[in-house]
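User: I've got a two-chain model open and want to talk through how its parts fit together. Can you take my questions one at a time?

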Amino acid sequence: MSVTVLSPGLLTTVQDAGRTGYRQFGVSVSGVMDPRAMRIANILVGNDENEAVLECTMMGPQLRFDKANVIAVTGGDLGPTLDHQPVATYAAFSVQEGQTLRFTGLRTGCRAFIAFAGGLDVPLVMGSRSTYMKARIGGLEGRKLEKGDVIGFRKPTAEILNLVQRRIAPEVTARTEYAVRVVMGPQDDMFTQAGIDTFLGETYTVTNEFDRMGCRMEGPVIEHKDGGDIISDGIAFGAIQVPTAGKPIIMLADRQTTGGYTKIANVITADFRIIGQLKAGDKVRFVKTTIEAAQDALLTERAALAALRTMAGSAYVKERKPKQPKK
Amino acid sequence: MPDVRFLLTGDTSLSAEFGNEISESTNAQIRAFTIALEKSGVPGIVELVPTYRSCMIHYDPGVISYRALTKRLEGLLGQLGSIEIPPSDVLEVPVLYGGEMGPDLAFVAEHAGISEQEVVDIHTSTEYLIYMLGFTPGFTYLGGMSDKIETPRLKQPRVKIPAGSVGIAGKQTGVYPIDSPGGWQLIGRTPVKMYDPNRETPILPKAGQYIKFRAIDQAEYDEIADLAEKGKYVCRTHPREEAAK
């Protein structure tokens, strides 16, 4: 067995790196909203970086462990406790059978990620465990967690090597204003120069209309040359769509694969960690960068995660048991 | 060489844009380019998503940078004329028209001023180009429906339309791949599962292919439905007769 969901929280779903390979067939990618936080959580517990985790939004779930395992909670700090004792985020820790993980309330960011050593026993659908609620596939029957759900572990472990090294400083800090780097395009040429200047010069505020599909923002109108409609084309994670009304929408994990509105720019991969943690009221300035700088930043981030894996000494948990190394 | 623009869509994908209109010739170019790119062995390609007028190319910048990739793509475009592109496949989709399965067939016929049988004859006479898939898993954007059977959407959308329903909305026709609400005029239903997440090929139609509907009767519907339920029905496909060019 596993964990039993005593309370599901606001919106808790099983997510991994997403369902790639089926975009040409209209299947949304889904996956976590903050891929870096997911990867760190998995590295800390010795999993493959892209193993499925629980993504918890604003108010976390209550999970009773019916089997011991090692877990880590990363991303926004939703106030995790274990049997009512606070536990650190961005650190692996052991949970004993019968203990309950709870979340007391949002402190930083918006979304927390819980990684379980050895992974969750959730079937792969089209190569991914990610929940895609609109098409009702992946995760637990394609839906968010509900009270009474039981989720199995695939290969749980009561303890893990180098536990004390499996800890880094929390990465999501208490802020309300962010600079988010973008590369311009694909339809930046459909905006006036004044429109581009507005987009890059003004501050935009996250509204309540913010879900896993997209994040609507409020702020000065971004001027088009001739309206915001286009013949539909593909939409990437972090695309900033600007319909004719001129207010930006950042397209996120559950976005449709294609769409018919102008996209002025795209958030760079290295800054997905920022947009995945935004919440209503947060303020964002968009900062233009080059494709070369964006790809450099992405490769630098990958190198940092590889270094973290080395530091944590992550031989996979499952490979540990047969040969106990001598110190 | 077609006049193609490479547009940035973030730092892990780009859009190769072949034009600014919905046309069969643009779509044929995109299909040829997609096939050529799949065969090319350009490293780092993750996924290709053809749409009406472009092909979105997802790639891994850890393997190939934007500059290096666009250089390779330009080279590929230059060779496009010399690459053998097979003709498109036609996917045959059996449909039981009218009755309970197609509650709006009578309305479509009345709106067109023709008989129900004539609507079916017109609807089954065309090979519809699949420009792209999107909106929901397996939903096809088809082109080529006769304007004789154009019908406006329902004024009051239905709350639940069963998967497999074949409908008309304005100039468009298509199949609902999953149960969903919608305002299309329903003229029939296919027993074939266009989308089944647990099947080896989850989605049957592919951009660049054509769909041809074939009218069937209740007995054949039941037979195909039974096979489809067991995962044993295979839609017939055949290469399109006229050359892809």
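User: How many residue pairs are in polar contact between domain 1 of chain B and domain 2 of chain B?

Analyst: Keep in mind that this is a predicted model, and a pair counts here when both residues sit at pLDDT 80 or more. The domains in question are domain 1 (5-82) and domain 2 (89-239) of chain B. The salt bridge count between them is 0. For polar contacts, the count is 2 residue pairs.

User: Which three residues supply the most of the area that domain 1 of chain B buries against domain 2 of chain B?

Analyst: The two domains of chain B bury about 770 Å² between them, with 58% of that on carbon and sulfur atoms. On the domain 1 side, one trio gives 59% of the buried area, more than any other three residues. Those residues are B:Glu24, B:Asn27 and B:Tyr52.

User: And which helix gives the most to the side of domain 1 of chain B that touches domain 2 of chain B?

Analyst: The contact takes 8 residues from domain 1 of chain B and 8 residues from domain 2 of chain B. By class, the domain 1 side has 3 nonpolar, 3 polar and 2 charged residues. With 3 residues, the element that gives the most is helix α1 (residues 24-40) of chain B.

User: Over to chain A. What area do domain 1 of chain A and domain 2 of chain A bury between them?

Analyst: Chain A splits into domain 1 (2-172) and domain 2 (177-289), and the C-alpha centres of those domains are 28 Å apart. Here 27 residues of domain 1 touch 16 residues of domain 2. Carbon and sulfur atoms carry 51% of the buried area. The total is about 1,700 Å².

User: How many salt bridges cross the interface of domain 1 of chain A and domain 2 of chain A?

Analyst: That interface has 12 residue pairs in polar contact, both residues at pLDDT 80 or more. On the domain 1 side, α1 (35-44) and β10 (111-116) of chain A each supply at least two residues. That side divides into 11 nonpolar, 9 polar and 7 charged residues. The number of salt bridges found across the interface is 2.

User: How far apart are N and O in the salt bridge of A:Glu171 and A:Arg273?

Analyst: The rule accepts a side-chain nitrogen of Lys or Arg within 4 Å of a carboxyl oxygen of Asp or Glu. The side chains of A:Glu171 and A:Arg273 meet that rule, with an N to O distance of 3.5 Å.

User: Now the chains themselves. How many salt bridges are there between chain B and chain A?

Analyst: The two chains bury about 3,300 Å² between them, 58% of it on carbon and sulfur atoms. The contact takes 41 residues from chain B and 40 residues from chain A. One salt bridge joins B:Asp60 to A:Arg302, with the closest N and O atoms 2.9 Å apart. The count between the chains is 4.

User: What is the split by class on the side of chain B that touches chain A?

Analyst: Across the interface of chain B and chain A there are 14 residue pairs in polar contact, both at pLDDT 80 or more. Several elements of chain B each supply at least two residues to its side, among them β1 (5-8) and α2 (66-79). By class, that side has 20 nonpolar, 13 polar and 8 charged residues.

User: Is B:Arg5 buried, partly exposed or exposed?

Analyst: B:Arg5 meets A:Asp189 in a salt bridge, 2.9 Å from N to O. The pair crosses between chains, from strand β1 of chain B to the loop between β13 (177-184) and α2 (193-201) of chain A. A:Asp189 counts as partly exposed at 36% relative accessibility. B:Arg5 has a relative accessible area of 38%, so its label is partly exposed.

User: What about the salt bridge of A:Arg216 and A:Glu209: is A:Glu209 buried or exposed?

Analyst: The side chains of A:Arg216 and A:Glu209 meet at 3.3 Å, N to O. A:Arg216 is partly exposed, with a relative accessible area of 40%. The cut-off for exposed is over 50%. A:Glu209 has 52%, so its label is exposed.

Technical notes
Residues numbered from 1 in each chain as written. Chains lettered and ligands numbered in written order. Predicted model: local features only at pLDDT ≥ 70, side-chain atom pairs only at ≥ 80, totals over all residues. Heavy atoms only, no water. Domains from an automatic or database assignment. Contact = heavy atoms within 4.5 Å. Buried area = accessible area lost by both parts, 1.4 Å probe. Polar contact = N/O pair within 3.5 Å; in protein donor to acceptor, adjacent residues only side chain to side chain. Helix = DSSP H or I, 4+ residues; strand = E, 2+ residues; numbered from the N terminus. Nonpolar A, V, L, I, M, F, W, Y, C, P; charged D, E, K, R; others polar. Buried < 20%, exposed > 50% of the residue type's maximum accessible area, 1.4 Å probe, protein only.
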